[in-house]
Amino acid sequence: MLTVHGLCWLCKMPLRIPAWGICSRCSTTLFSKMCVCPQCGLPAATTRLPCGRCLQKPPPWQRLVAISDYLPPLSQMIHHFKFNGKAELAPALSRLLLLAVRQHTGLPAPEQLISVPLWQRRHWRRGYNQSELLCQALAKWLSTDYHPQAITRIRPTATQHQLSARLRKHNLKNAFRLELPVEGRHMVVVDDVVTTGSTVAEICRLLLRNGAASVQVWCLCRTL
């Protein structure tokens with residue numbers, strides 16, 4: 001799937017700006033055309049107002065932005081990025097996420113980005129935290145504060161994709177600790193894939209309990 005530097009990773013055509021990794025034509029095909037709720041990111045009748053699910057039981061964040069559902073070829077790129085040691089995909093994926101964010105209007109300007117932390121052993125085995133790499137690029141382009149240790153994972157947890165929705169929520173209870181003040185600040189939690197939302201929800205609740213003015217979730221994919 002991956003190709004030499006300077007060629008688009010999808011169509012293999014030369015890139016005008018090699019660091020982008022994906023040409024503009026291929027990039028446009030990756031963005032979802034589905035109508036989704038602006039708050040939870042799940043299918044809805046309109047993109048302008050929260051869906052019925054969010055009106056009855058809103059998630060602990062105000063907005064969710066994703067590039068698309070977890071579908072090829074984007075899902076294949078994320079798999080390579082996350083599990084196959086392809087950290088060089090970070091700039092291309094970060095750029096796609098930034099383009100997705102810029103398609104949304106009325107979003108509060110983020111004052112600080114938060115990456116989803118990995119447990120120390122998992123971080124060591126993978127060699128990097130994919131959420132950190134996304135945040136590093138976004139923080140640079142947006143001139144936004146980012147501190148990798150703003151949220152730490154204080155106990156090991158089972159891998160989320162191996163658990164049911166109910167167990168995912170229980171698995172992450174009190175798993176994170178906030179290390180920096182966030183009172184009155186507009187925060188953005190950045191993750192690669194949001195499925196049930198249990199991980200980002202636990203972090204968002206922690207930020208709001210500590211006085212964050214608002215919390216958004218930005219992710220590469222929202223599993224629909």
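A residue is called buried when its relative accessible area is under 20%. In this predicted model, D192 has a relative accessible area of 2%, and it is therefore counted as buried.

D192 belongs to strand 6, which spans residues 186–194. Two polar contacts involve the side chain of D192. One, of 3.1 Å, links it to the side chain of K82. The other, of 3.2 Å, links the side chain of D192 to that of Q130. K82 and Q130 also appear among the residues in contact with D192 when neighbours within four places in sequence are set aside. The remaining residues on that list are L134, C219, L220 and C221.

Strand 7, made up of residues 214–222, is mostly covered, with nine of its nine residues buried. Strand 6 pairs with strand 7 in the parallel sense, and eight bridges join the two. Within this pairing, V194 has R222 of strand 7 as its bridge partner. Strand 7 also runs parallel to strand 1 (residues 63–68), to which it is joined by five bridges. Here W218 of strand 7 stands opposite V65. In a regular strand, side chains point alternately to one face of the sheet and the other.

The connection between strands 6 and 7 involves a helix. Strand 6, helix 8 (residues 198–209) and strand 7 together form a β-α-β unit, and this unit is right-handed.

The nonpolar residues were examined next. The largest nonpolar core contains 38 residues, of which I22, L93 and W218 touch the most other members. Several elements give two or more residues to this core: helix 1 (24–30), strand 1, helix 3 (74–83), helix 4 (90–102), helix 6 (130–142), strand 6 and strand 7. The most is given by helix 4, which supplies eight residues.

L93 illustrates how residues of the chain meet. With residues up to four places away in sequence left out, L93 touches I67, L74, M77, F81, L134 and L220. Another core, of 24 residues, lies apart from the largest one; L64, F176, L178 and M187 are among its members.

Two residues recur in these lists. L134 and L220 are both in contact with D192, and both are touched by L93 as well. The buried D192 thus shares these two neighbours with L93.

Note on methods. Residues are numbered from 1 along each chain as its sequence is written. This is a predicted model: local features need pLDDT of at least 70, side-chain atom pairs count only at pLDDT 80 or more; totals for chains, interfaces and linings use all residues. Side-chain values use heavy atoms; hydrogens and water are left out. Helices (H or I, at least four residues) and strands (E, at least two) are DSSP runs, numbered from the N terminus. Buried means under 20% relative accessible area, exposed over 50%, partly exposed in between (1.4 Å probe, protein chains only). A polar contact is a pair of N or O atoms within 3.5 Å; within protein, one must be able to donate a hydrogen and the other to accept it, and residues adjacent in sequence count only if both atoms are side-chain atoms. Contact means heavy atoms within 4.5 Å. Two strands pair if DSSP finds at least two bridges between them. A crossover is right-handed if, with the strands pointing away from the viewer, the path from the first strand over the helix to the second runs clockwise. A nonpolar core is a set of buried Ala, Val, Leu, Ile, Met, Phe, Trp, Tyr and Cys residues joined through side-chain atoms within 4.5 Å.
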